[in-house]
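Hi everyone, and thanks for making room for me today. I'd like to walk you through one structure, a few helices and a few side-chain pairs at a time.

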Amino acid sequence: MPEPRACIAGIFEHPTRRADDKSLAQLHAEVAAGALRDAGLSHADVDGYFCAGDAPGLGPLSMVDYLGLRVRHVDTTDTGGSAYLVHVAHAAEAIAARKCNVALITLAGRPLAEGLGSGLGLRLDNMPDVPFEAPYGTAVLNLYAMVAARHMHEFGTTSEQLAWIKVAASHHAQHNPNAVLRKVLTVEEVLASPMVADPLRKHDCCVINDGGGALVVTRPEIARSLGRPVVSLRGTGTALKNQAGGRVDLTYSAGRFSGAAAFAEAGVTPADIRYASIYDSFTITVLVTLEDLGFCEKGRGGDFVADGNLIAGVGRLAFNTDGGGLCSNHPGNRGGMTKVIEAVRQLRGEAHPAVQVPDLHLALAHGTGGSLGTRHGSATLILERA
């Protein structure tokens, strides 16, 4: 294989799930310090900084000053929850172009501490789509429910099949001391939870909490010098899916295109992947994404996820072994960062022993930002342990 463009040398996930005693900037600072410590690097080593719309103030202008960094490259690409996977890809491009050597990527949010409730409504600000869609009562919940309803109509997918995704996440979350929900659930318990937007029930939805995470992306030679397991970036893909003037097909996501690009660049196929971090804002997000990434045929996602096929040590494809956004952590309503973190843990062999995939050398991380029901961005990473 050719020399990788970049490696993920440091990771950190904030243990808090409610941050009443911390500011947003402080959360960013704490996850930054944690990821640099994990990598064995210091703030003085950082010469590239990446953040998205969750960063306070003027984004990098505020945060670079607050963190005490001296950087020569910044990136503020924001595609919602998928932004942090896009940042990994952009950091690799910047490193390859010699714009920076050590890139720091941070995420943090305080929706609970700031009293923002569920965060599932549509903000009535200056987004161009608001005047056309807000009168119809659009919200994240009912938009994803439309995707689930359409999938059920087109392919015969059932609520029981969706429930298996939450069940798998709960089996993994029981081993994570920081997870919001650690109780192992049954399909029957998921189906007995209250309906929130037909056909999605409470347990079909992710948790909402404070917290954050950070990544350090470096030149390969720097990563190899740090004495840590080397996780390299082998393939990337990004894609957007929009309304297309109202001609929208709810049965697929932009993951169809970002996944194909990442697999092509990496020179591998879905059959080579035994662990996948899949964005899980809702159970339907996981099911549609698995189909679009090629783990099963379109319309067969329900069969693929059923009967524990996503449970580590039980099924063919272990997913979200930290409990994912469905059970563990969805900080600031942006779950992409934690998907990369758990994929790196798995490749390093640092996941909990009960869910660690043995002899793992390839992993996939996938993020979704926005809404599957309207417009969203997908980003896919193929990671490899050297």
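Let me begin with a small rule: the expected span of a helix is 1.5 Å times one less than its number of residues. Please keep in mind throughout that we are looking at a predicted model.

Now let's try the rule on helix α13, residues 336-348. How far apart should the ends of its 13 residues be? The expected span is 18 Å, and the end C-alpha atoms sit 19 Å apart, so the model agrees with the rule. Helix α13 is also mostly covered, with 13 of its 13 residues buried. Just after the helix comes Gly349, which has a positive phi of about 80 degrees.

Let's zoom in on one residue of α13, namely Leu347. Is Leu347 buried or exposed? Its relative accessible area is 1%, so Leu347 counts as buried. And what does Leu347 touch, if we skip residues up to four places away in sequence? The list is Val231, Leu360, His361, Leu362, Ala363, Leu383, Glu384 and Arg385. For a sense of distance, the C-alpha atoms of Leu347 and Thr283 are 25 Å apart, and these two residues are separated by 64 residues along the chain.

That mention of Thr283 takes us to another helix. Thr283 is one of the buried residues of α10, and others there include Val288, Leu290, Glu291 and Asp292. In fact, 11 of the 11 residues of α10 are buried, so this helix is largely enclosed by the rest of the structure. After α10 comes Gly294, again with a positive phi, this one near 95 degrees.

What does α10 pack against? Its partner here is helix α6, residues 159-173, while α10 itself covers residues 283-293. The two axes are 9 Å apart and make an angle of about 100 degrees. That makes α6 roughly perpendicular to α10. On the α6 side, the residues that meet α10 are Leu162, Ile165 and Lys166. On the α10 side we have Thr283, Ile284, Val286 and Leu287.

Now for the charged residues. Side chains of opposite charge can pair when their charged atoms come close. How many salt bridges does the count give? It comes to 22 salt bridges, and I've picked a few to show you.

The first on my list is Arg18 with Asp20, where the closest N and O atoms are 3.1 Å apart. Arg18 is partly exposed, at 46% relative accessibility, and Asp20 is exposed, with a relative accessible area of 51%.

Next is Asp38 with Arg348, whose closest N and O atoms are 2.9 Å apart. Asp38 belongs to helix α1, residues 24-39, and Arg348 to helix α13, so this pair ties together parts that are 310 residues apart in sequence. Arg348 is buried, with a relative accessible area of 5%.

My third pick is Arg334 with Asp78, with the closest N and O atoms 3.0 Å apart. This pair also links distant parts of the chain, 256 residues apart: Arg334 is in the loop between α12 and α13, and Asp78 is in the loop between β3 and α3. Arg334 counts as buried at 15% relative accessibility, whereas Asp78 is partly exposed, with a relative accessible area of 37%. There is also a network: salt bridges that share partners join Glu13, Arg17, Glu342 and Arg345.

Let me stay with Asp78 for a moment. Leaving out neighbours within four places in sequence, Asp78 contacts Ala52, Gly53, Ala83 and Arg334. Asp78 and Thr380 are 302 residues apart in sequence, and their C-alpha atoms are 15 Å apart in space.

Finally, the cysteines. A disulfide is a covalent bond between the sulfur atoms of two cysteines. How many disulfides does a search of the whole structure find? The search finds zero. Take Cys51: why is there no bond from its sulfur? The closest cysteine sulfur, in Cys100, is 14 Å away, which is too far for a bond. Cys51 is buried, with a relative accessible area of 0%. Cys296 is buried as well, with a relative accessible area of 15%.

That's my tour, and thanks for listening!

Key: Residues numbered from 1 in each chain as written. Predicted model: local features only at pLDDT ≥ 70, side-chain atom pairs only at ≥ 80, totals over all residues. Heavy atoms only, no water. Helix = DSSP H or I, 4+ residues; strand = E, 2+ residues; numbered from the N terminus. Buried < 20%, exposed > 50% of the residue type's maximum accessible area, 1.4 Å probe, protein only. Salt bridge = Lys/Arg side-chain N within 4 Å of Asp/Glu carboxyl O. Disulfide = S-S within 2.5 Å. Axes fitted to C-alpha atoms, helices over the stretch in contact; angles between N-to-C directions. Parallel < 35°, antiparallel > 145°, perpendicular 65-115°, else oblique. Contact = heavy atoms within 4.5 Å.
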